[in-house]
Amino acid sequence: MEARFGTAGNGDAFYGAGHKSSLEAPAWLRGLGLAAYEYQCVRGVNISERTARALGERAVENDIALSIHAPYYINLAGEDPVLLAKSKNHLLKSLRAAHWMGATRVVFHPGSAKGSREGALRRAQAVLGATLDEAAREGLEGVWVLPETLGRYSYLGLLDEVLELCRVAPNVVPCVDFGHVHAITGGLMTDREAYAAVLDRVEAAVGKDVLRTLHIHFSPVEFTEKGERRHRTLADAGFGPHFRPLAELMVERKLTPTIICESNGTQSEDACAYRDIYREALRRQRM
Ligand SMILES: [Zn+2]
């Protein structure tokens, strides 16, 4: 078994080739030798059950692992009950869409870290727990829910906070966005030691099995002292994080994560570039 590489949504090359509908994405990705697709619901979950099921069938036909990125509007750490109810609803709708698609993972941004971080974390844990209870009553407990590491201090989403959220239920597992980790650590994700430290912390918190199939976001990122500024691409030279040290550790530790590339417009090209670095690491190990 190998790691899976794929894209967040559809890049410029997809549309440039004349494709219009995300239903065409699984075959397109397979043609590029990619194996994962993160369907973007970042501006709201608007996909119909019929379309979601059709996408799921095409993903199976093309051996594409599906995940969903839930709406950006989710803030599980807020204090306004109306906004919390809306956040729960966004997450539940994402889980329903995932269920229709046969997607096993729903990635979401936990929320804002306004006020005390500790208080924000406890509120988010409580709201997440309540949302998952509701999801279980609907039969949606088979979908994994993935809080993502975020790239700014104003957000709840430091690695340790994400790992704390994973204690809420067994189907809550981390999404490690190494671009965001790179931004928030002031550019540390360039060598093996930095990656090994992150992988060790994840393994200690959620175990070897979750680490082995870890959900990863990876793309070049521009940052300031406040954290992430914007996603870049491999064509913009000089932006980290560096993929090679992670690829080598994946091979050494026999990890087969899913790696979703979020490069701005060139996500399919960059996903292929990361895959090639990984395959080269695999080949070198076999020599
Ligand atoms: Zn995200």
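**Exercise 1.** Is the crossing of α4 and α5 left-handed or right-handed? Describe how these two helices meet.

*Solution.* The model is predicted.

Step 1: locate the helices. Helix α4 covers residues 81–101, and helix α5 covers residues 117–137.

Step 2: take the geometry. Their axes come within 10 Å and cross at roughly 45°. Angles under 35 degrees count as roughly parallel and 65 to 115 as roughly perpendicular. α4 and α5 are therefore oblique to each other.

Step 3: give the hand. The crossing of α4 and α5 is right-handed.

Step 4: list the residues in contact. On the α4 side they are L84, K88, L91, L92 and L95. On the α5 side they are V127, L128, A130, T131, E134 and A135.

Step 5: recall a general point about helices. An α-helix has 3.6 residues a turn, so residues three or four places apart point the same way.

**Exercise 2.** State the strand order of the open sheet of eight strands, and name its edge strands.

*Solution.* Step 1: read across the sheet. The order is β6-β4-β3-β2-β1-β12-β9-β8, and the pairing is parallel.

Step 2: find the edges. β6 (144–147) and β8 (175–177) are the edge strands, each pairing on one side only.

Step 3: add the twist. From one strand to the next, the twist averages 25°.

**Exercise 3.** Work out how strand β2 sits between its neighbours in the sheet order.

*Solution.* Step 1: start with β3. Strand β2 (residues 36–40) and strand β3 (residues 65–69) run parallel and are joined by five bridges. Across this pair, E38 stands opposite S67, and Y39 stands opposite I68.

Step 2: turn to β1. β1 and β2 pair in the parallel sense over three bridges. Here G6 has A36 of β2 as its bridge partner.

Step 3: check burial. Four of the five residues of β2 are buried, so this strand is largely enclosed by the rest of the structure.

**Exercise 4.** In what sense do strands β10 and β11 pair, and how are they connected?

*Solution.* Step 1: identify the pairing. β10 (residues 221–224) pairs with β11 (residues 227–231) in the antiparallel sense, over four bridges. E222 stands opposite R230 in β11.

Step 2: identify the connection. A hairpin of two residues joins β10 to β11.

Step 3: place this in general terms. Strands of a sheet pair through backbone hydrogen bonds, either parallel or antiparallel.

**Exercise 5.** Describe the surroundings of helix α10, its crossing with α8, and the residues that come after α10.

*Solution.* Step 1: find the buried residues. In α10 (residues 244–252) these are P245, L246, A247, L249, M250 and V251.

Step 2: find what covers them. The covering elements include β1 (4–8), α7 (178–184), α8 (192–206), β9 (215–218), β12 (258–261) and α11 (267–286).

Step 3: take α8 in detail. The axes of α8 and α10 come within 9 Å and cross at roughly 50°. That angle makes α8 oblique to α10. The contact involves R192, Y195, A196 and L199 of α8, together with P245, L246, E248, L249 and E252 of α10. The crossing of α8 and α10 is right-handed.

Step 4: move past the helix. R253 lies in the loop between α10 and β12. Its relative accessibility is 24%, so R253 counts as partly exposed. Leaving aside residues up to four places away in sequence, R253 touches A196, L199, D200 and K208. K254, which follows α10, has a positive phi, near 55°.

Step 5: compare with a distant point. R253 and S67 are 186 residues apart along the chain, and their C-alpha atoms are separated by 24 Å.

**Exercise 6.** How many disulfides does the model have, and why do C41 and C272 form none?

*Solution.* Step 1: set the cut-off. A disulfide needs a pair of cysteine sulfur atoms within 2.5 Å.

Step 2: test C41. The closest cysteine sulfur is in C175, 15 Å from the sulfur of C41, which is too far for a bond. C41 counts as buried, at 1% relative accessibility.

Step 3: test C272. The closest cysteine sulfur is in C261, 9.4 Å from the sulfur of C272, and this too is too far for a bond. C272 is buried, with a relative accessible area of 13%.

Step 4: give the count. By this rule there are zero disulfides.

Methods. Residues numbered from 1 in each chain as written. Predicted model: local features only at pLDDT ≥ 70, side-chain atom pairs only at ≥ 80, totals over all residues. Heavy atoms only, no water. Pairing = 2+ DSSP bridges. Axes fitted to C-alpha atoms, helices over the stretch in contact; angles between N-to-C directions. Buried < 20%, exposed > 50% of the residue type's maximum accessible area, 1.4 Å probe, protein only. Contact = heavy atoms within 4.5 Å. Parallel < 35°, antiparallel > 145°, perpendicular 65-115°, else oblique. Left-handed = near helix turned anticlockwise from the far one by under 90°.
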